[in-house]
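Starting a fresh page on this one. I'll go sheet by sheet, then look for holes, then chase the backbone oddities.

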Amino acid sequence: MGTGQAEHGWRVDGRCTNCDVARQLAPGLVGEVAGRSAVLRQPRDAAEAKLLHAAAHACPTRSVRPPGGRLDPARDPFPMPLDDTGADTGAVLLCGHNSPHTAGANSYLLRRPDGTSMLVDTPRWSPALAARYEAPGSVTDVLLTHRDHAAHGRRYADRFGARLWIHEGDLAAAPDADRVLRGTEPAEIADGVLALPFPGHTRGSVLYLADGRYCFSGDSFYWSRTTADVEVVDSVTWYSVRELAASLTRAATEGLRFEWLLPGHGDRRHLPHEEMAARLRHLAARTRELRPRPVDFTAVRW
């Protein structure tokens, strides 16, 4: 199907906070210009228009505006399977509808073999979205990777009748959590799902690992389009970059295995276990060379 007149006129308005979400979902169509996202060109076909509709429904400030200015609920693709090719992506769905109260973080639905799901971090809150997220199967757990992504955790957990998880280091962000992770030792929280405390970005940051394939890394590390590698955001490390280096070193030394990197901010990436492990080892070495620096959001280059 051709683009047609109705598919021209896409734009990004002045509310953009440069969170990168739209650029992840519509690469080549949305890019960074003068410190915020901008539409680089209009879609050429239906497939490209679909990418822009996904970006619009994920944007936390609703800054990605379609022709006519109104989002079409019928074009909302979320929750959406991961968009990498060559792998079974049905076990994880991207939630979209990123929340301004979590700095626009990505969140995910992790589907389990028994038909239930777990929500990893939280999208924006609404009862209609909650109903959509539990449609694939009842949600048993809401897993918070750290305090910055906790904004809607209790509301979603209560709506689902689910357990809310957080680490004791970030408990102030969810003091009514149902399950509190402690220390730095890994904990199996469900069959095939491991919580790995990972202090650094915050004191209570946690990785959630599923089925030896998926790593939900929160803000601990991510895939960078700029460097085409796994990176940390040392300019936005609230607790300790030295602790982050120690966490990465432990993980690399103990042979952390996964093939899907699924962060809260920054890009997602699917690589063979061995390549991901090698990149993690190199990241640990690079992070050990970093020194504390003032928090500076403008220094981030995704």
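**Entry 1: a parallel pair.** I began in the middle of a sheet: strand β8 (residues 117–120) and strand β9 (residues 139–143) run parallel and are joined by 4 bridges. For my counts, two strands pair if DSSP finds at least two bridges between them. Strands are DSSP runs of E with at least two residues, helices are runs of H or I with at least four, and both are numbered from the N terminus. Met 118 sits opposite Asp 141 in β9.

Before going on, a note on the source: this is a predicted model, where local features need pLDDT of at least 70 and side-chain atom pairs count only at pLDDT 80 or more, while totals for chains, interfaces and linings use all residues. Residues are numbered from 1 along each chain as its sequence is written, and side-chain values use heavy atoms, with hydrogens and water left out.

**Entry 2: the neighbours of β8.** On β7, I found antiparallel pairing with β8 over 4 bridges. Leu 110 has Met 118 in β8 as its bridge partner, and Met 118 also stands opposite Asp 141 in β9. β7 and β8 make a hairpin with 5 residues between them, and Gly 115 in the turn has a positive phi of about 95 degrees. One step further, strand β6 (residues 92–94) pairs with strand β7 (residues 108–111) in the antiparallel sense over 3 bridges. There, Leu 93 is opposite Leu 109.

**Entry 3: the whole sheet.** Which order do the 7 strands take? I read β5-β6-β7-β8-β9-β10-β11, an open sheet with mixed pairing. β5 (80–81) and β11 (179–181) are at the edges with a single partner strand each, so one side of each has no neighbour in the sheet.

I also checked what packs there. Helix α4 (residues 153–160) lies across β8, β9 and β10 (163–167), and runs at about 170 degrees to β9. Contact here means heavy atoms within 4.5 Å. Axes are lines fitted to C-alpha atoms, for helices over the stretch in contact, and angles between N-to-C directions run from 0 to 180 degrees.

**Entry 4: another sheet.** A 6-stranded open sheet has the order β12-β13-β14-β15-β18-β19, and its pairing is mixed. Its edge strands are β12 (187–190) and β19 (269–270), each pairing on one side only. Inside it I looked up strand β13 (residues 193–197) and strand β14 (residues 206–210), which pair in the antiparallel sense over 5 bridges. Val 193 is opposite Ala 210 in β14.

**Entry 5: overall count and size.** I get 6 helices and 19 strands for the chain. The C-alpha trace spans about 55 × 45 × 35 Å along its principal axes. A compact globule of 302 residues would have a radius of gyration near 19 Å, and the chain agrees at 19 Å. That radius is taken over C-alpha atoms, and the globule rule is 2.2 Å times the number of residues to the power 0.38.

**Entry 6: the largest pocket.** How much space lies in the largest pocket? About 580 Å³. Its lining has 25 residues, with Cys 19, Ala 103, His 265, Phe 297 and Trp 302 nearest the centre. By class I have 11 nonpolar, 9 polar and 5 charged residues in that lining.

My terms: on a 1 Å grid over the protein atoms alone, a cavity is a set of points where a 1.4 Å probe fits but cannot get out; a pocket is an open set with protein on both sides within 12 Å along at least five of seven lines; lining residues have an atom within 4 Å of a point. Grid points are joined across faces, edges and corners, and a volume is the space filled by probe spheres set on the points. Ala, Val, Leu, Ile, Met, Phe, Trp, Tyr, Cys and Pro count as nonpolar, Asp, Glu, Lys and Arg as charged, and the others, Gly among them, as polar.

**Entry 7: cavities.** My search of the whole structure gave 2 cavities of 30 Å³ or more. The largest has a volume of about 80 Å³. Cys 16, Cys 19, Ala 22, Ser 37 and Cys 59 are the closest to its centre among 14 lining residues. The second largest cavity has about 30 Å³, and β15 (214–218) gives the largest share of its lining, 3 residues.

**Entry 8: backbone oddities.** The peptide bond from Phe 78 to Pro 79 is cis, with omega near 0 degrees. Pro 79 is in the loop between β4 (64–65) and β5. Asn 18, in the loop between β1 (11–12) and α1 (21–25), has a positive phi near 65 degrees.
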